[in-house]
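Please take me on a tour of this structure, one selection at a time. I have it open in my viewer and would like to know what to click on next.

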Amino acid sequence: MRLIYALILTVIAALPARAEVDIQEVTSPGGITAWLVEEHSIPFVALEIRFRGGASLDAPGKRGAINLMTGLLEEGAGEMDARAFSRATEALATNLSFDVSDDALSVSARFLTENRAPSIDLLRAALQEPRFDEDAIERVRGQVISNIQSNQKDPNKIAQQTFDRIAFGDHPYGSSLNGTLESVAGLTRDDLLAAHRAVLARDRIIVGAVGDITPEELGQMLDRLLGGLPAEGAPMPPRAEVDISSGTTVVDFATPQSVALFGQPGIAQDDPDWFTATVLNHVLGGGGFESRLMTEVREKRGLTYGVYSYLAPRDLAETYLGSVSSSNDRIAEAIEVIRAEWAKAAAEGITREELDAAKTYITGAYPLRFDGNTPIANILVGMQMLGLPTDYIATRNDRVEAVTLEDVKRVAAELLEPENLHFVVVGQPEGLEAADTAQE
């Protein structure tokens, strides 16, 4: 069975990339909605489920509970302990995985058509009847604590967590979904049961399915899989106020190289100017070796091996971020160059050549995302979370092509805020203005 599964994955990987996807909206008899792309050439199904809210639904004082609970969903369910559950999934050549972000708890399932029913029964048990055995709780708690301790020694993680605290304050986005050593150590089994009820509910389900299954079969499967969950979960958190101002925050860390994370308020993915901002970012810092930041900071001055920027929209806030690493004695110069390029783009926009090159890359790379059932299922749930229409895949590149030079100039002036670009530097940087530096 494992050989069959491996062969199927090999065939899927060999399929040509495609961006022509026929999406059907399916509503189960019990009222659960899903998007489906039928593909009957291979006896295989990829199922992606999102529960909106994710780790942002942690109860006050219980930060890390939903993350810990998510890690326990495959550690035993129903009558099966962790070992029996693992053996059952392996015997069926079924792949089940669970993950959580601050915006969603994600469930991924891949299974053969002939094993659909028992695979769904396993997943149903994990979602509706998790055991939360004490030995499993302690084992996964130890893994989380080890991860927290590791992050405390990782300059990139320190930079991200420091920036989040500055930008989002007391909002859940302002703290790590892992929780703290103290909060995780104090979590009880009752806390995990409460976390389960908070996030795994029918009022926040988004589903994408791709493969060898009909709409009728999918509808029946969804009711079997999800129909027994609570109707409503915990209330969604409010939007986060993004509080970022210009300056530099230094976190002292003994290392010869400083890591800098920089950012400012961003743009929502459903904003009419999203694709214009995407083109702008590609030119400024998202285009790899062809971007302005890479040219100015690396190629011309040799200040870093890599620098990049990216739009970072979340469900409840939007930021525009970037990262660079440089030696302690040169990081100040790298920051100065980045600020200058940010200001230049805000004032002048981009050139016709840069616009055309960015469009070519962005439109050409898009079809490569559709290289198998699982990536397509992920795209389906992502589209639903953003409220996009089913024809978005067919029209997306047209929206990119419609971006004009004037559009980019206008959005650059509106979006880029050199005066609010904040740098968090982890290391022992030299030459930064003391007036702009706050010690963490």
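Which element gives the most to the lining of the largest pocket? That is helix H10, with 5 residues, so let's begin there, keeping in mind that this is a predicted model.

**Stop 1: the pocket**

Select H10, residues 274–286. The largest pocket has a volume of about 530 Å³. For its centre, show Gln269, Trp274, Arg369, Tyr392 and Arg396 as sticks; of the 20 lining residues, these are the closest to that point. Now colour the other elements that give two or more residues to the lining: strand S11 (307–313), helix H13 (352–365), helix H14 (373–385) and helix H15 (392–401). If you colour the lining by class, you will find 13 nonpolar, 5 polar and 2 charged residues.

**Stop 2: the open sheet**

Next, hide the pocket and bring up the strands. An open sheet of 6 strands runs in the order S1-S2-S8-S3-S7-S6, with mixed pairing. Look at the edges: S1 and strand S6 (95–100) each have a single partner strand, so one side of each is left without a neighbour in the sheet. From one strand to the next, the twist averages 20 degrees.

Stay with the sheet and select helix H4, residues 116–128. This helix packs on the sheet, where it touches strand S3 (44–52), S6 and strand S7 (104–112). Compare directions in your viewer: H4 makes about 160 degrees with S7.

**Stop 3: the hairpin and its other neighbour**

Zoom in on strand S1 (residues 24–27) and strand S2 (residues 33–38), which pair in the antiparallel sense over 4 bridges. Click on Thr27 and you will see Thr33 of S2 standing opposite. Between the two strands of this hairpin are 5 residues, and Gly31 takes a positive phi near 95 degrees.

Now add strand S8 (residues 205–211), which runs parallel to S2 and is joined to S2 by 4 bridges. To follow the pairing, label Leu36 and its bridge partner Ala209 in S8, then Glu38 and its partner Gly211. As you turn the view, remember that in a regular strand the side chains alternate between the two faces of the sheet.

**Stop 4: a salt bridge**

The model has 22 salt bridges. For one of them, select Glu318 and Arg239, whose closest N and O atoms are 3.0 Å apart. Glu318 lies in strand S12 (residues 318–327) and Arg239 in the loop between helix H9 (215–226) and strand S9 (247–252), so this pair ties together parts that are 79 residues apart in sequence.

Key: Residues numbered from 1 in each chain as written. Predicted model: local features only at pLDDT ≥ 70, side-chain atom pairs only at ≥ 80, totals over all residues. Heavy atoms only, no water. Pairing = 2+ DSSP bridges. 1 Å grid on protein atoms, 1.4 Å probe; cavity = no way out; pocket = protein on both sides within 12 Å on 5 of 7 lines; lining within 4 Å. Points joined across faces, edges and corners; volume = space filled by probe spheres on them. Nonpolar A, V, L, I, M, F, W, Y, C, P; charged D, E, K, R; others polar. Axes fitted to C-alpha atoms, helices over the stretch in contact; angles between N-to-C directions. Contact = heavy atoms within 4.5 Å. Salt bridge = Lys/Arg side-chain N within 4 Å of Asp/Glu carboxyl O.
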